[in-house]
Amino acid sequence: MTIPKGLYGITPDWDNFDKVIEAVRVACEAGLPILQFRRKKEEPYKLRLEQCKRIRDICLRENTLFIVNDSIQLAMDSQADGVHLGREDIVYRDIATTYALERGNFVIGYSCYNSLDMARDAVKNGASYIAFGAMYPSPTKPNAVKADTNLIKEAKKEFVDIPIVCIGGITLQNALPLIEAGADNVAVITGLFESEDIAKAVREFKNLFEHWK
């Protein structure tokens with residue numbers, strides 16, 4: 001299953017989940033192509049699943065691809081469109097791959113940080129997309145490893161048919177160099193959901209990609 005090009009939203013980790021829901025609704029109605037459900041707070045699984053399904057329902061209604069971060073179990077139980085796995089989640093790769101083969105249209109994305117070798121391994125194991133970053137200092141992950149546009153250019157040459165997602169500190173003001181370097185998607189939390197006008201931010205990110213066509 002391929003992913004649509006453009007903005008890749010990631011849910012903010014706000015305490016008020018109703019606020020998260022409203023922000024997601026606004027973003028999806030404005031045309032957000034992809035949304036990842038990411039929540040790092042310690043909460044019972046039943047509550048997490050309920051939250052995930054509420055987000056999924058919005059995405060389903062607005063034709064937004066819905067990805068779950070970290071948990072293949074949560075992705076399966078919520079009937080998400082895909083899962084995103086980081087370095088710590090690699091032990092679940094075989095389960096995710098088996099599930100993807102059974103469903104036939106399930107996205108598996110991998111965090112590759114600043115490593116082409118990790119990207120090669122991910123692609124060998126059937127990655128739907130590969131993600132690099134942090135591209136810029138990130139308020140969400142201030143200690144994240146750093147990647148740069150040269151890495152994106154190299155990856156684009158090597159992985160011609162695999163979408164490349166950039167993440168980390170991305171805003172409307174600094175996204176264009178990443179798109180120019182070959183990013184198919186830019187993953188954004190703060191630069192989208194902390195903006196004064198979420199719908200406008202979705203449209204402006206869309207314009208960046210259309211400008212570069």
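What share of the 213 residues in the protein chain is buried? In this predicted model, buried residues make up 52% of them. The chain folds into nine helices and eight strands. Its radius of gyration is 16 Å, close to the 17 Å that the globule rule gives for 213 residues, so the chain is as compact as a globular protein of that length. Laid along its principal axes, the C-alpha trace spans about 40 × 40 × 30 Å. Contacts tell the long-range side of the story: of those with a separation of 6 or more, 63% are between residues 24 or more positions apart. As for the outside, the accessible surface comes to about 10400 Å², and carbon and sulfur atoms hold 50% of that.

UniProt, in an unreviewed entry, puts the feature "domain: Thiamine phosphate synthase/TenI" at residues 7-191. Over that stretch the chain is 41% helix and 19% strand, and the end C-alpha atoms sit 11 Å apart.

Strand E8 (residues 185-188) is a handy place to look at how the strands go together. On one side, E8 runs parallel to strand E1 (residues 6-10), with four bridges joining the two; here Gly 6 has Asn 185 as its bridge partner. E8 also pairs in the parallel sense with strand E7 (residues 164-167), this time over three bridges, and Val 165 stands opposite that same Asn 185. The link from E7 to E8 goes by way of helix H7 (residues 176-181), and the three elements make a right-handed β-α-β unit. Within E8, Asn 185 and Ala 187 point one way while Val 186 and Val 188 point the other. That fits the usual pattern, since side chains in a regular strand alternate between the two faces of the sheet. Both sets are buried in E8.

A few backbone spots stand out. Most residues other than glycine have a negative phi, and most peptide bonds are trans. The bond between Gly 133 and Ala 134 is cis, with omega about 20°, and Ala 134 lies in the loop between strand E6 (129-132) and helix H6 (149-158). Two non-glycine residues have a positive phi: Asn 63, near 60°, and Tyr 113, near 55°. Their settings contrast. Asn 63 lies in the loop between helix H2 (45-62) and strand E3 (65-69), and its relative accessible area of 71% makes Asn 63 exposed. Tyr 113, on the other hand, belongs to strand E5 (residues 107-113) and, at 15% relative accessibility, counts as buried because that value is under 20%.

Note on methods: Residues are numbered from 1 along each chain as its sequence is written. This is a predicted model: local features need pLDDT of at least 70, side-chain atom pairs count only at pLDDT 80 or more; totals for chains, interfaces and linings use all residues. Side-chain values use heavy atoms; hydrogens and water are left out. Buried means under 20% relative accessible area, exposed over 50%, partly exposed in between (1.4 Å probe, protein chains only). Two strands pair if DSSP finds at least two bridges between them. A crossover is right-handed if, with the strands pointing away from the viewer, the path from the first strand over the helix to the second runs clockwise. The radius of gyration is taken over C-alpha atoms; the globule rule is 2.2 Å times the number of residues to the power 0.38. Contact means heavy atoms within 4.5 Å. Accessible areas come from the Shrake-Rupley method with a 1.4 Å probe; for residues, only the protein chains shown count as cover. UniProt positions are given in the numbering used here, feature names are shortened, and annotations may be inferred rather than shown by experiment.
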